[in-house]
Amino acid sequence: MTWKVMIDGYSKSGYLRNADNLRDILTLYNEMRCSDVCPSQNILSLILQCCASFCVTPLGKTLHCQIFKSNFNYDVVLQTGLLDFYAKVGDLSSAKRVFDEMSHRDVVANNAMISALSKHGFVKDAQNLFDSMQDKNSVTWNSMITCYYKIGDIDSARLIFDCNPIKDVVSWNAMIDAYCKVGNLSCAEELFDRVGEVKNSITWNTMIAGFVQCKEFRRALRSFEHMQTERVKPTEVTMVSLLSACAHLGALDMGEWIHGYINKNKLRIDAVLGNALIDMYSKCGSIAAALDVFHKLHVKNIYCWNSVIVGLAMHGYGNEAIDYFLSMEKEGINPDGVTFVGLLCACCHSGLISAGRNYFSQMQSVYGVEPGIEHFGCMVDLLGRSGLLVEALELITIMPLKPNAVVWGSLLRSCHLHKDPELGEQVTQRLLELDPKDGGNYVFLSNLYASLSRWKDVDRCRKLMIESGVQKVPGCSSIELDNAVHEFVAGDSSHPQFPQINVFLVDIAKKLKDQGYEPDTGSVLHDIYDEEKETSVSYHSERIAVAFGLMSTPPGKQIRVIKNLRTCNDCHTAIKFISKIYKRDIIMRDRNRFHHFRNGLCSCKDYW
DNA sequence: TTAGGGTTAG
């Protein structure tokens, strides 16, 4: 068998898409070189692609030298391969040099350069290059070329044609992606509308992924509907973006529908799609379905393991997260920084203090993973929540990284939890220096004072907040019913069914009182009269969403609510009561974790 | 030879 047949075989089978097989192809290439066999141009291009995909910089550079020194036809194909290699390993100036040195640049070379510029954040330059290319039906270009032809100047006609290749669908897709990646959705959409009949599934995938990257999850789902209307066949990549949108929205019904679509249409569930499914199920409250997908996967990589560990952590299954971590080790997969975020988070949410300390201390020494600010953040949270406020503060003081607002914010919450206003004030001061516009910091300090009935301080905090011009992010909860996501903002009555919800909320309040529930008004920002405080708390968004869920679904049906902020103590207590009174399982995802309410209890064991 | 997808601390 010739080298070419072997390497081509690898290439066509998709074998090279897997990083684990990279060593095989490189070994093969080395053997070929040692056998004094001169690689063909096709093989060189292929090896360059490998070097680009897996960032094997030294070999790529060696290839460049070899190409230069030997008698290769240093043509547009090899040059484009080199350009792409340099761009993908992060060396834009070398990529530019290769591009500038090209005597002839075709559409592929231009596209590769658009992509290179975009990857390095030079969208304006990418747009200029894109604009310099001809439009397929451009009257100006066509008439110029025709003119030269008519006067018999074929060389000039050819020159214009060659120097300004016609944009193809790849050019459009690369440019749309460039705008999406910098968050400029309006320019991306404008281009998307102009693509015309060449638009393909990748164009749709790029736009849908762009919506997801810009956190426009509903627009991503709507775009998918349009894609279906236009009868463009979705691919695995479409599904990954849609599942990510569902995960963020907590749209389990839609996520399940997508899973069904994947199975029905026999789409290939690889590690990326598998991971998207695991993440969707986990973030939509169904950890059992997430584990089911995980165990059925044929190929699992570190993303899949991390998603499962993080998922278990969010659902409060600390010991199970540790078990999966141990299994991962047994399978020979090395943990990375994300694994340790999951693991430490699991210890934190389950109160596993000594396990958390052990894993944190072993990160570097045993696993060779350097702790980042996020790992110190987890530890400050773990210690703080356990009431070890002094130790948490000490860790912040001695840590080798500059503490950020997240780290201080975590300690402030612990000060609130363990009612330490003195330390809370100090911490807030640090927080306001770091992030003076974050209203959440004032709210936490204010709530800390309120929980101690220090109303003057609450008032001072409120005034400070007004003077600084900061605003609290409004609490927002959503619930999915019949494939539609309903959103409720605290105190907002704009939902068309609000009158009925309101009646139901009054009914809930009465039943709660009958069952002995006492409102905890410490979670209200202002010092107002008790009765008013109680009303204000009962209009928190999660309470409205739960009420809407109760009145709109049949008895016994599980209710799932997603909240953008952490749930307050009072709503947490009230929902525990509600789960018992109405005999419903209520699953709530707040900004921090999942709460599974059942029969008056919560899976977080009131520790969150 | 060029374009699209995944996990992460408050």
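Which backbone N or O atom lies 3.4 Å from a base nitrogen of DNA strand B? Hello everyone, let's begin with that one. It belongs to E374. Please keep in mind that this is a predicted model. For chain A the mean pLDDT is 87, with 91% of its residues reaching 70 or more. One stretch to treat with care is residues 525–534, where the pLDDT is below 50; beyond near neighbours in sequence, that stretch still has 17 contacts in the model.

Now, back to the DNA. Strand B is surrounded by 56 residues, and N111, N173, N205, N306 and N592 are the closest. Of the strand's atoms that come within 4 Å of the protein, sugar and phosphate make up 47%. Sorted by class, the surface near strand B holds 20 polar, 19 nonpolar and 17 charged residues.

Two side chains are worth finding on your screens. Q213 places a polar side-chain atom 2.8 Å from a phosphate oxygen of strand B. In the side chain of D270, an N or O atom is 3.4 Å from a base nitrogen of the strand.

Let's move to the protein interior. The largest nonpolar core has 141 residues, and the members touching the most others are L83, M175, M239, M280 and L411. This core lies between domain 1 (1–100) and domain 2 (372–472), because both give residues to it. Take L411: leaving out residues up to four places away in sequence, L411 touches V380, L389, A392, L393, I396 and V427. Another core, of 27 residues, lies apart from the largest one, and I501, Y517, I544 and C602 are among its members. As a general point, nonpolar side chains in soluble globular proteins tend to be buried together.

Thanks for listening!

Conventions. Residues are numbered from 1 along each chain as its sequence is written. Chains are lettered from A and ligands numbered from 1 in the order in which they are written. This is a predicted model: local features need pLDDT of at least 70, side-chain atom pairs count only at pLDDT 80 or more; totals for chains, interfaces and linings use all residues. Side-chain values use heavy atoms; hydrogens and water are left out. pLDDT is the predictor's confidence in each residue, from 0 to 100. Contact means heavy atoms within 4.5 Å. A residue is near a molecule or strand if one of its heavy atoms lies within 4 Å of it. A polar contact is a pair of N or O atoms within 3.5 Å; within protein, one must be able to donate a hydrogen and the other to accept it, and residues adjacent in sequence count only if both atoms are side-chain atoms. Ala, Val, Leu, Ile, Met, Phe, Trp, Tyr, Cys and Pro count as nonpolar, Asp, Glu, Lys and Arg as charged, and the others, Gly among them, as polar. A nonpolar core is a set of buried Ala, Val, Leu, Ile, Met, Phe, Trp, Tyr and Cys residues joined through side-chain atoms within 4.5 Å. Buried means under 20% relative accessible area, exposed over 50%, partly exposed in between (1.4 Å probe, protein chains only). Domain bounds come from an automatic or database domain assignment.
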